[in-house]
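User: Please take a close look at one part of this model for me. Begin with how open its surroundings are, then relate it to the rest of the chain.

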Amino acid sequence: MSKIGSKVKKTKERCYADFLSIVTEAKKSKLPYYRTRRLSYAILLSKYGIFDPNLTEELVKEFYELLYKKIRIFPEVKDVLSRLNENYKIGLLTEDFKEVV
């Protein structure tokens, strides 16, 4: 690996470590999940001297787009819910993502 490649890798690793630390602290705030994520990106960017609310929003949007692509239900869920619906009222509980979706 070249010197530049090595430096980029170390910078990415440091940035990721910083982000994990910031997320851990932000979770203690008891804010809703989407606000914690937004706050975490804003703090991370400011740590590197970047104060750009539009970039923060872009990062949050990209994070959720990637997250939603990874969400999968188990194959048997639809059948189980259909059978339960015959005798029970079914509802859906989620994180409060209404500002993101």
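Analyst: L81 is partly exposed, at a relative accessible area of 40%. That class applies because the value falls between the cut-offs of 20% and 50%. Everything here comes from a predicted model.

L81 sits in helix α4, which covers residues 77–85. L81 also belongs to a nonpolar patch on the surface. Its partners there are V80, L84, Y88 and I90. Together the five residues offer about 430 Å² of accessible area. A residue needs over 30% relative accessible area to enter a patch, so L81, at 40%, passes that test.

Now the setting. The chain has four helices and zero strands. Along the sequence the pattern reads α-α-α-α. There are 101 residues, and 17% of them count as buried. The accessible surface of the chain comes to about 8,600 Å². Carbon and sulfur atoms account for 59% of that surface. Take the contacts between residues at least 6 apart in sequence: 44% of them join residues at least 24 apart.

Next, the charged pairs. Side chains of opposite charge can pair when their charged atoms come close. How many salt bridges does a search of the whole structure find? The search finds four. Three of them are worth a look here.

One joins K47 and D18, with N to O at 3.4 Å. This pair links distant parts of the chain. K47 is in helix α2 and D18 is in helix α1, 29 residues apart. The cut-off for a salt bridge is 4 Å, so 3.4 Å counts. Are the two partners buried or exposed? K47 is exposed, at 52% relative accessibility. D18 is buried, at 15%. The classes follow from the cut-offs: K47 is exposed because 52% is over 50%, and D18 is buried because 15% is under 20%. Helix α1, where D18 is placed, runs over residues 3–27. Setting aside neighbours within four places in sequence, D18 is in contact with L44, K47 and Y48. The salt-bridge partner K47 is thus on the contact list of D18.

A second bridge joins R38 and E57, at 2.7 Å from N to O. R38 lies in helix α2 and E57 in helix α3 (residues 53–70), so this pair ties together parts that are 19 residues apart in sequence. E57 is partly exposed, at 36% relative accessibility.

A third joins E25 and K28, whose closest N and O atoms are 3.0 Å apart. E25 is partly exposed, with a relative accessible area of 47%. K28 is exposed, with 56%.

Move along to K30. K30 is placed in the loop between α1 and α2. Its relative accessible area is 74%, and K30 counts as exposed. The backbone deserves a check here. K30 has a positive phi of about 65° although it is not a glycine. Most residues other than glycine have a negative phi.

T36 gives a contrasting picture. T36 is found in helix α2, residues 33–47. With a relative accessible area of 5%, T36 is buried. What does T36 touch, leaving aside its neighbours within four places in sequence? The list is V23, A26, K27, S29 and L31. V23, A26 and K27 fall within helix α1, residues 3–27.

Last, the rings. Two aromatic pairs turn up in a search of the whole structure. One of them is F63 with Y64, an edge-to-face pair. The ring centres are 5.1 Å apart, and the planes stand at 80°. The label is edge-to-face because 80° is over 60 degrees. Y64 is buried, with a relative accessible area of 1%. F63 has a charged partner too: R37 lies over the face of F63, at 4.2 Å from the ring centre.

Back to the starting point. L81 is partly exposed at 40%, in helix α4, within the patch formed with V80, L84, Y88 and I90.

Methods. Residues are numbered from 1 along each chain as its sequence is written. This is a predicted model: local features need pLDDT of at least 70, side-chain atom pairs count only at pLDDT 80 or more; totals for chains, interfaces and linings use all residues. Side-chain values use heavy atoms; hydrogens and water are left out. Patches are made of residues with over 30% relative accessible area and no salt bridge: like charges are joined within 9 Å, nonpolar side chains (Val, Leu, Ile, Met, Phe, Trp, Tyr) within 5 Å. Accessible areas come from the Shrake-Rupley method with a 1.4 Å probe; for residues, only the protein chains shown count as cover. A salt bridge is a side-chain nitrogen of Lys or Arg within 4 Å of a carboxyl oxygen of Asp or Glu. Helices (H or I, at least four residues) and strands (E, at least two) are DSSP runs, numbered from the N terminus. Buried means under 20% relative accessible area, exposed over 50%, partly exposed in between (1.4 Å probe, protein chains only). Rings of Phe, Tyr and Trp (its six-membered ring) pair if their centres lie within 6.5 Å; planes under 30 degrees apart count as stacked, over 60 as edge-to-face and the rest as tilted. A charge sits over a ring if NZ of Lys or CZ of Arg is within 6 Å of the ring centre and within 35 degrees of the ring normal. Contact means heavy atoms within 4.5 Å.
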